[in-house]
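Work through the exercises below with the sequence and the model open. Each task is followed by a solution in steps.

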Amino acid sequence: MLKGFKDFLLRGNVVDLAVAVVIGAAFTAVVTSFTTSFLQPLIGLVGGGGATGGTFVVDGQTFTWGAFVNQVITFVLTAAVIYFVVVVPMKIVVERRKRGEEAGPVAPTQVELLVEIRDLLRAQQGLDAVTGEEGGRHAHTGEFRRP
């Protein structure tokens, strides 16, 4: 059961979704706090300082270019951390599996699938699951007997 759960988690789509939702949201909050607390005041200083730093007014309309630059920096920092902390390590794991250095999820053999189907059919008919000698396997070798 744990092996199946591990195989489920290591599928690309599940990992990508977990990264995008959980880690992305949590880390975005940290980066947003950093950019709001440290970078936005620096942008304001560069833009003239004071309450109007990082803004300009045209015909009574205020443009807050400092807030936009702050959000761009937030996005770039978040994307960079997600890429280097999650995407790159996942690519390394996938490449190792392709080279055969790390075992991937193991699919059941045809014999295992047939045994499972047989047992399910017997269970639907109200019969007990077949085990041991009754299952057609040799008692000592575990191989299936030929008819």
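**Exercise 1. Place Thr35 in this predicted model: state its element, its burial class and its contacts.**

Step 1. Thr35 belongs to helix α2, which covers residues 12-46.

Step 2. The relative accessibility of Thr35 is 0%. Buried means under 20%, so Thr35 counts as buried.

Step 3. Setting aside neighbours within four places in sequence, the residues in contact with Thr35 are Gln40, Pro41, Asn70, Ile73, Thr74 and Leu77.

Step 4. With Thr74 there is also a polar contact: the two side chains, of Thr35 and Thr74, are joined at 2.8 Å.

**Exercise 2. Find which residues make the nonpolar surface patch, and classify Val21 as buried, partly exposed or exposed.**

Step 1. The patch is formed by Leu17, Val21, Val22 and Ile23 and has an area of about 370 Å².

Step 2. Val21 is located in helix α2.

Step 3. Val21 has 48% relative accessibility. The partly exposed class runs between the 20% and 50% limits, so Val21 is partly exposed.

**Exercise 3. Check whether the length of helix α4 agrees or disagrees with its number of residues.**

Step 1. Helix α4 spans residues 110-124, which is 15 residues.

Step 2. The expected span is 1.5 Å times one less than the number of residues, so helix α4 should span 21 Å.

Step 3. The end C-alpha atoms of α4 are 21 Å apart, which agrees.

Step 4. After α4 comes Gly126, with a positive phi near 85°.

**Exercise 4. Count the salt bridges, name the partners and classify their exposure.**

Step 1. The cut-off is a nitrogen of Lys or Arg within 4 Å of a carboxyl oxygen of Asp or Glu. The count is 1 salt bridge.

Step 2. Its partners are Arg118 and Asp119, whose side chains meet at 3.2 Å, N to O.

Step 3. Asp119 has 23% relative accessibility and is therefore partly exposed. Arg118, at 26%, is partly exposed too.

**Exercise 5. Summarise the whole protein: its elements, burial, surface and contacts.**

Step 1. The protein has 4 helices and 2 strands, in the order α-α-β-β-α-α from the N terminus.

Step 2. Of the 147 residues, 14% are buried.

Step 3. The exposed area is about 11,500 Å², and 66% of it comes from carbon and sulfur atoms.

Step 4. Taking contacts between residues at least 6 apart in sequence, 43% join residues at least 24 apart.

Terms used: Residues are numbered from 1 along each chain as its sequence is written. This is a predicted model: local features need pLDDT of at least 70, side-chain atom pairs count only at pLDDT 80 or more; totals for chains, interfaces and linings use all residues. Side-chain values use heavy atoms; hydrogens and water are left out. Patches are made of residues with over 30% relative accessible area and no salt bridge: like charges are joined within 9 Å, nonpolar side chains (Val, Leu, Ile, Met, Phe, Trp, Tyr) within 5 Å. Accessible areas come from the Shrake-Rupley method with a 1.4 Å probe; for residues, only the protein chains shown count as cover. Buried means under 20% relative accessible area, exposed over 50%, partly exposed in between (1.4 Å probe, protein chains only). Contact means heavy atoms within 4.5 Å. A polar contact is a pair of N or O atoms within 3.5 Å; within protein, one must be able to donate a hydrogen and the other to accept it, and residues adjacent in sequence count only if both atoms are side-chain atoms.
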